[in-house]
Amino acid sequence: MIGKRLGRGRLTVALTAVAVTAGTALWGGAAHAAEPAPDSGAVGKAAQSKLGELRGKTAVNGKRLATDELNFGDLDGDGKSDLAAIDSTGRLWVYPGKATVYSGTGERPASHFAARFQAGTGWGNFTALVRHGDWNNDGNQDLLARDARGRLFLYAGTATRPGVVRSGVLVGTGWNGFSDLVGAGDTDGDGFDDLVGRRNGALVVYFGTGSGTRPFRSGTLTYGSGWNGDLLTTVGDWDGDSHSEYLFRNVRDEVYLYWSGANGLPSGSRNLIFEAEGGTYVENMVGMGNLTSDAVIDGEPVTQPLPDLIVQDTAGYLLALAVDTGDDFDVVVGSGWGNYFIF
């Protein structure tokens, strides 16, 4: 997905983030803070008060919430969901998830990530970075990157540390016109992961081939209209149909959850997640695998933990929307993330 824009609306905190639109580098050499600091108290109150309308639920719109059946967030091969981030010098960092489980008694764990490690350099000039796909069909999660010339590169995953991806391979040109690019999983059921782009208010599906040099078929599917806004992302499977759901912020700053249909693409069914005021505080959204879950909710054991959503707010805080961790909104990393692009 493409992130980073200046905060708008009711935000009262002074912002130093760099605005990015399609065709603009993720980072423009802005001042870079140190590694994000652990949280030392209650933070992000304005954002927290607007986020988390799915918390503590077991069903939405009559659909059973289930875990993502695919490996949605693991970069280093340990079977746990990770977060990736680019700092303002172009370094790629991986924050390994701990797959935290809360027993339901006592205080919650203070941290959901282990110590970060550097996975590469030179990532600051890309205009889009995409996860959530095994596009060469080798069982590891890959990365896609688009540069300012519209060239698309595939970075094949290794599932090892510290180099979680191999060197990039040019797999296409002419990708400048897309405002968002997201990994959508296998939408057509052929066993290969696909890619969804947003262009001129429509979604365009590129169907996977499983090839590391030509990962997408030449034919595409244009799907829907009126997708005007920003921050399109996939979040993992929340309803048990083996397809990822989608989040999207429209031009009114409302963030909606779009349930996947039988074709793995957004159906007409949706839920308002963040109202306009709350959506204003959202700087970026990243779908995760299961980052954190409860062992027991309301006396019932949780046997299928759900994928989580990481929200970066405009004040530089990271928060997790985890529908299987009770009724509170967890600050999962802390402060100081305003000069990072997360994905």
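**Figure 1. Four strands form an open sheet in the order β7-β5-β4-β27, with antiparallel pairing.** Welcome to the first close-up of this predicted model. The edges of the sheet are held by β7, residues 117-120, and by β27, residues 341-342, each of which pairs on one side only. Strands of a sheet pair through backbone hydrogen bonds, in either a parallel or an antiparallel sense.

**Figure 2. Here we zoom in on the pairing of β5 with β7.** Strand β5 covers residues 92-96, and three bridges join β5 to β7 in the antiparallel sense. If you would like a landmark for finding your way along this pair, try Val94, which stands opposite Phe117 in β7.

**Figure 3. Arg161 and Asp76 join two loops through a salt bridge.** A search of the whole structure finds nine salt bridges, and this view shows the one in which the side chains of Arg161 and Asp76 meet, at 2.9 Å from N to O. Arg161 sits in the loop between β10 (152-157) and β11 (165-172), while Asp76 belongs to the loop between β3 (63-64) and β4 (82-86), so the contact ties together parts that are 85 residues apart in sequence. The two partners have their own surroundings: Arg161 is partly exposed, at 47% relative accessible area, whereas Asp76 is buried, at 6%.

**Figure 4. Asp87 and Arg91 form a salt bridge.** The closest N and O atoms of this pair are 2.7 Å apart. Asp87 has a relative accessibility of 0% and therefore counts as buried. Its partner Arg91 is partly exposed, with a relative accessible area of 26%. As a friendly reminder, side chains of opposite charge can pair when their charged atoms come close.

**Figure 5. Arg252 meets Glu254 in a salt bridge.** Here the closest N and O atoms lie 3.1 Å from each other. Arg252 is partly exposed, and its relative accessible area is 48%. For Glu254 the value is 17%, and this residue counts as buried because the cut-off for that class is under 20%.

**Figure 6. Asp188, Asp190 and Arg217 take part in a network of salt bridges.** For our last stop, look for the two aspartates, Asp188 and Asp190, and for the arginine, Arg217; salt bridges link these residues into a network.

Definitions and conventions. Residues numbered from 1 in each chain as written. Predicted model: local features only at pLDDT ≥ 70, side-chain atom pairs only at ≥ 80, totals over all residues. Heavy atoms only, no water. Pairing = 2+ DSSP bridges. Salt bridge = Lys/Arg side-chain N within 4 Å of Asp/Glu carboxyl O. Buried < 20%, exposed > 50% of the residue type's maximum accessible area, 1.4 Å probe, protein only.
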